[in-house]
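Here is a short briefing to read alongside the model. Keep the viewer open and follow the residues as they come up.

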Amino acid sequence: MIICIVGPTAVGKTKLSIALAKIYNGEIINADSVQVYKGLDIGSAKVTEAEKEGIKHHLLDIVDVQDDYTIYHYQKDCRAKIKEIKDSGKVPILVGGSGLYLKAALYNYNLSEEKTKDIEYDLTNEQLYNVVKEKNPNIDANNRRRLLRAYNKIQKNIPLENQELKPIYDDIIWLGLKTDHETLYQKINDRVDKMFPDLIDEVSNFYKQNINSKALKTAIGYKELYAYFGQEKTLEECISLIKKNSRHYAKRQYTFFRHQLPVKWLNTDYNDFQKTINDAINLIEKS
RNA sequence: GGAGCCGUAGCCAAGUGGCUAAGGCGUGGGUCUGCAACACCCUGAUCACCAGUUCGAAUCUGGUCGGCUCCU
C-alpha cells in the first residue's frame, strides 16, 4: 500500500499525514518541490521537529538552495524511498502539493538526466509551434516555455514521449484534502501573516549572499521578498502578493489533482480533526 | 437653500454621437509527458433610472435618484 495525501496549500495535509503514519506504521515522503531545499523552512511551511511527533520523514532538506532539483531527481529519489520503506515492512505515505512531482514518481514518465539546460532560440512562438506541432499537435501554441522544451528535444533528437501514461504501482491510494474556498483562503492569509517577521530573516540571509537560484526565484514567499529587499516593493505589498500568489496556487492545485490524478476527496474538519482522520481511514479501508 | 463635479462589470478604468462598450485587477473555470510554488488559455456589462432629440445615444437635452466638493 502507498498512501498519497494531496490537496492545496494550508489545508492540513501535514497533520493528517502524521496521524495516518501512526495508525498504519508509515513513514512520510515529502512531495513538495520547495521543501526539498535546505533552509527554505518558514516560507514553505515545512514540518517542524515537534510536529513530526517522531515519525520518520524523507526527502526534506536534501539539496542546497543554490542547486537545481527537478522532476527527474524527484522521480528517482522518491521511487528509491518507496522501495526502501516497503522493504522495511512499512507503509510509504507521500504528502505534498506538487502534483507533477507525484505524477512523475508514480506514473511511467520516461525521464533521463539532462546535462544541459534548454537553450533559447531566436524564433517566434509561431515558428516554434510550426515545428513542434508535427510531433505534438496538442502543444499550447502560446506557451513559450513548453514550446522551447519540445523544440530543444527535437534539436537534440530526443523523441517526444507519447506512450500512454499509467501508474507503475497498483496499490496507490490517493487521498485529497479539501475545504470550501472561503475557509481555505482565510487559512492561507493567516498562515502567511504568521510567517512574519521570521520569514524576513530567512530570506534576507539568502539575499545577502546574493543567491539567485531557481528555488528562490520561483518559490512563493521568497521571490516576493526579494523584490522587497531590492526596494522594488514595500513589505506590505509583498505580503499581500504572497497571499495572492498562494491563493492562485491553491486553485491550480485543485485543478491538477481533480483532473490529472484519481483522487478520492475528503473535507478537512478544522473543529474536529479526528473526524477527518476517521474519514481518511474509511476511504483507505474501502480501497 | 445655492453652485459645481460625478455615476460604465465585484474593484479600478478608457471611451465624450456611428463596427460587436478598450484594458488592468480580482473572481470562477481549465491545460499539462522535464524549470511545476513553473508556464499558458478561457471567463463577465440592460453604460444609475425615466423621458426626449437623432437614421443612430454610454456619449447631446430635461427630469428623478445617489455620491462628492464648495458657497450661504
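The notes below cover the domains, the sheet, the nonpolar cores and the surface near the RNA. Please keep in mind that this is a predicted model. Chain A is assigned two domains, with an open six-stranded sheet described below.

**Domains**

- Domain 1 of chain A is made of two stretches, 2-110 and 169-286, while domain 2 spans 111-162.
- Between the C-alpha centres of domain 1 and domain 2 there is a distance of 29 Å.

**The sheet**

- Six strands form an open sheet with parallel pairing, and reading across it gives the order 3-2-4-1-5-6.
- Strand 3 (57-58) and strand 6 are the edge strands; each has a single partner strand, so one side of each has no neighbour in the sheet.
- As general background, strands of a sheet pair through backbone hydrogen bonds, in either a parallel or an antiparallel sense.
- Strand 2 (residues 26-30) runs parallel to strand 4 and is joined to it by five bridges; within this pairing, I28 has I93 as its bridge partner.
- Strand 4 (residues 91-95) also pairs with strand 1, again in the parallel sense, over three bridges.
- On the strand 1 side, I3 is bridged to I93 of strand 4, and I5 is bridged to V95 of strand 4.
- Strand 1 (residues 2-6) pairs with strand 5 in the parallel sense too, over five bridges, and V6 stands opposite G176 in strand 5.
- Strand 5 continues the sheet to strand 6 (residues 264-267), to which it runs parallel with four bridges; here K178 has N267 as its bridge partner.

**Burial of the inner strands**

- How many residues of strand 4 are buried? Five of its five are, so to speak, under cover.
- The two faces of strand 4 are both covered, with V91, I93 and V95 buried on one side and P92 and L94 buried on the other.
- Strand 5 (residues 172-178) has six of its seven residues buried, so the rest of the structure largely encloses it.

**Nonpolar cores**

- The largest nonpolar core has 59 residues, and those touching the most other members are I3, C4, I5, I93, L94, L102 and L175.
- Helix 11 (residues 235-260) is the element that gives the most to this core, with six residues.
- Leaving out residues up to four places away in sequence, I3 touches L20, G26, V91, I93, I173, L175 and I284.
- A second core, separate from this one, has six residues, among them L128, Y129, A150 and Y151.
- In general, nonpolar side chains tend to be buried together in soluble globular proteins.

**The surface near RNA strand B**

- Which residues come nearest to RNA strand B? Of the 49 residues around RNA strand B, they are S33, S44, Y72, L100 and I220.
- The elements giving two or more residues to this surface are helix 3 (71-87), helix 4 (99-106), helix 6 (144-155), helix 9 (214-218) and helix 11.
- Helix 11 provides the largest share of the surface near RNA strand B, with eleven residues.
- By residue class, the surface near RNA strand B holds twelve nonpolar, 22 polar and 15 charged residues.
- Helix 11 is thus worth a second look in the viewer, as the element that gives the most to the largest core and the largest share of the surface near RNA strand B.

How values were computed:
Residues are numbered from 1 along each chain as its sequence is written. Chains are lettered from A and ligands numbered from 1 in the order in which they are written. This is a predicted model: local features need pLDDT of at least 70, side-chain atom pairs count only at pLDDT 80 or more; totals for chains, interfaces and linings use all residues. A nonpolar core is a set of buried Ala, Val, Leu, Ile, Met, Phe, Trp, Tyr and Cys residues joined through C-beta atoms within 7 Å. A residue is buried if 20 or more other C-beta atoms lie within 10 Å of its own, exposed if 12 or fewer, and partly exposed in between; C-beta atoms are placed from the backbone. Two residues are in contact if their C-beta atoms, placed from the backbone, lie within 7 Å. A residue is near a molecule or strand if its C-beta atom, placed from the backbone, lies within 6 Å of it. Ala, Val, Leu, Ile, Met, Phe, Trp, Tyr, Cys and Pro count as nonpolar, Asp, Glu, Lys and Arg as charged, and the others, Gly among them, as polar. Two strands pair if DSSP finds at least two bridges between them. Domain bounds come from an automatic or database domain assignment.
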